[in-house]
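I'm opening a fresh notebook page for this one. My plan is to pick a helix, then look up rings and charges.

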Amino acid sequence: MRHKLPVRACFVGLAAVAVLSGCVSTTTSSTPQPAVQQAPAPQISTGQATSRLAPVKARMEGLVERECRARTAAGTNCDYKIYVDPKETKIANAYQTLDKSGRPLIVFTAPLVAETRNNHELAFVMGHEAAHHIEGHIARSQTNAMAGAALGAILVAAAGGNAQAVEAAMDLGAGVGARSYSKSHELEADRLGTILTHKAGYDPMIGVKFFERTPDPGNQFLGTHPPNASRIAIVKQTAAGL
């Protein structure tokens, strides 16, 4: 049986609103709105993106690792690796995933770095991705996916479905299960990401302006991202209490 479980949580920039397992993208109405035409981000090389990211990484990395150790169970791998994806792409994206040993990775693409206007925005994206790991969102999404796959299989098998139908139901159930709490995961990461950004000495209220330039995907059924307005609101609410 094949059921692809989510293995990363990510931040999608202006160039795309990807359907990935926990990406950060955002809405202001129940009907998806056409994306506002944006001037293309300047193209920068991986080396240039790495140089731009370096001062933010230097300030944020130690802080998010300390917060990870303080906020998670003993034994959690908090040794973040933060870097720019060496593969060339035109997609602006940042995501958190795990390597084979369970080490948390925060990966930026060069176009995402190019789209940010200042270090506050880079720090906010980094804090958001670090928060996904601290909150255990990958493991929680995988659990939800497995539960959805099992339920789909049971229902179809009980209705007399053949092996092919059961497998299709498992795939569908896994997808539905993984998306069940993805919006709440994004808001949790926005909340904790605001705190991490602030603790590192950056201004999350400047950082969140990145959302104002991100296409709003709408509050779609089974969508992976909450409305931009909701995300900005939780950042403002969290920042007001800091």
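**Helix 9.** I started with helix 9, residues 228-240: at 1.5 Å a residue its 13 residues should span 18 Å, and its end C-alpha atoms are 18 Å apart, which agrees. (The expected span is 1.5 Å times one less than the number of residues; helices, H or I with at least four residues, and strands, E with at least two, are DSSP runs numbered from the N terminus.)

Which residues of helix 9 are buried? I noted Asn228, Arg231, Ile232, Ile234, Val235, Thr238 and Ala239. Down the axis of helix 9 these buried residues fall within an arc of 160°, so they line one face of the helix. (The arc is taken from the directions from the helix axis to the C-beta atoms.) Gln237 and Ala240, on the other side of helix 9, are exposed. (Buried is under 20% relative accessible area, exposed over 50%, partly exposed in between, with a 1.4 Å probe and protein chains only.)

**Ground rules.** This is a predicted model, so I kept in mind that local features need pLDDT of at least 70 and side-chain atom pairs count only at pLDDT 80 or more, while totals for chains, interfaces and linings use all residues. Residues are numbered from 1 along each chain as its sequence is written, and side-chain values use heavy atoms, with hydrogens and water left out.

**Rings.** I searched the whole structure and got 1 aromatic pair. The ring centres of phenylalanine 124 and phenylalanine 211 are 5.9 Å apart with planes at 85°, so the pair is edge-to-face. (Rings of Phe, Tyr and Trp, the last by its six-membered ring, pair if their centres lie within 6.5 Å; planes under 30 degrees apart are stacked, over 60 edge-to-face, the rest tilted.) Phenylalanine 124 is in helix 3 and phenylalanine 211 in helix 8, 87 residues apart. Both phenylalanines are buried.

**Salt bridges.** How many are there in the whole structure? I found 8 salt bridges. (Each is a side-chain nitrogen of Lys or Arg within 4 Å of a carboxyl oxygen of Asp or Glu.)

Back in helix 9, arginine 231 bridges to glutamate 186, with the closest N and O atoms 3.5 Å apart. That links helix 9 to helix 6, across 45 residues. Arginine 231 is buried at 0% relative accessibility, and glutamate 186 is buried at 0% too. I also wrote down that salt bridges sharing partners join Glu67, Arg71 and Lys199 into one network.

In that network, arginine 71 and glutamate 67 come to 2.7 Å, closest N to O. Arginine 71 is partly exposed at 37%, whereas glutamate 67 is buried at 11%.
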